[in-house]
Amino acid sequence: MLWFLWIMATSVGWVLGRLLLPNLALVTVGIAIGILQWFLLQRRFKKAWQWILATAAGWTVGSAIVYAAIPQGMDFLSGLLIGLSIGLAQWLILRREVQWAGWWIVINVIAWTTGLAFLPGLFSTGALVGLITATALALLLNVPKQVTNPQSTQSD
């Protein structure tokens, strides 16, 4: 169920962020996606509200770099930079919750590059990014971070 809901959250967040305030999409996409994904993470992660901030910041930084430095039509490079920016920002949250969280960065690069460069569109980009990241998240959540208790050491 998480898998499907994650795809929907990412897709709807993408569309809302692009349509509600199109002149501010540089910021609104990250906020919309972050809020909708947060609803799915709030019972799974401590301090899940930080996911909203990380997603918004990652999207905004990546989009600003693309807007300022990447020529129009370089969708592959745009997807790579945005995926890297979002992946790094979200990794800061995810690394506290799951093992192998570093893969999240790679997955986001693949997801956003695929969504923006190979199947771009108002509905397809968010759905494709959601599909790829949902699959990775479902796998990562199966390997939660082991909590170590320094108080419980064995004695000889």
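Helices (H or I, at least four residues) are DSSP runs, numbered from the N terminus. The model is predicted: local features need pLDDT of at least 70, side-chain atom pairs count only at pLDDT 80 or more, and totals for chains, interfaces and linings use all residues. Residues are numbered from 1 along each chain as its sequence is written, and side-chain values use heavy atoms, with hydrogens and water left out.

**View A. Nonpolar patch on the surface, with α1 as the main contributor.** Helix α1 gives the most to this patch, with six residues. Its members include M1, W3, F4, M8 and L131, and the patch has about 1100 Å² of accessible area together (Shrake-Rupley method, 1.4 Å probe; for residues, only the protein chains shown count as cover). Patch residues have over 30% relative accessible area and no salt bridge, nonpolar side chains (Val, Leu, Ile, Met, Phe, Trp, Tyr) being joined within 5 Å and like charges within 9 Å. A salt bridge is a side-chain nitrogen of Lys or Arg within 4 Å of a carboxyl oxygen of Asp or Glu. M8 lies in helix α1 and is partly exposed because its relative accessible area is 37% (buried is under 20%, exposed over 50%, partly exposed in between; 1.4 Å probe, protein chains only).

**View B. Edge-to-face pair of W14 and W59.** Nine aromatic pairs occur in the structure (ring centres of Phe, Tyr and Trp, the last by its six-membered ring, within 6.5 Å; planes under 30 degrees apart are stacked, over 60 edge-to-face, the rest tilted). In the pair of W14 and W59, the centres are 5.9 Å apart and the planes 85°. W14 belongs to helix α1 (residues 2-19) and W59 to helix α3 (residues 50-69), 45 residues apart. W14 counts as buried at 4% relative accessibility, as does W59 at 5%.

Conventions: Helix = DSSP H or I, 4+ residues; strand = E, 2+ residues; numbered from the N terminus.
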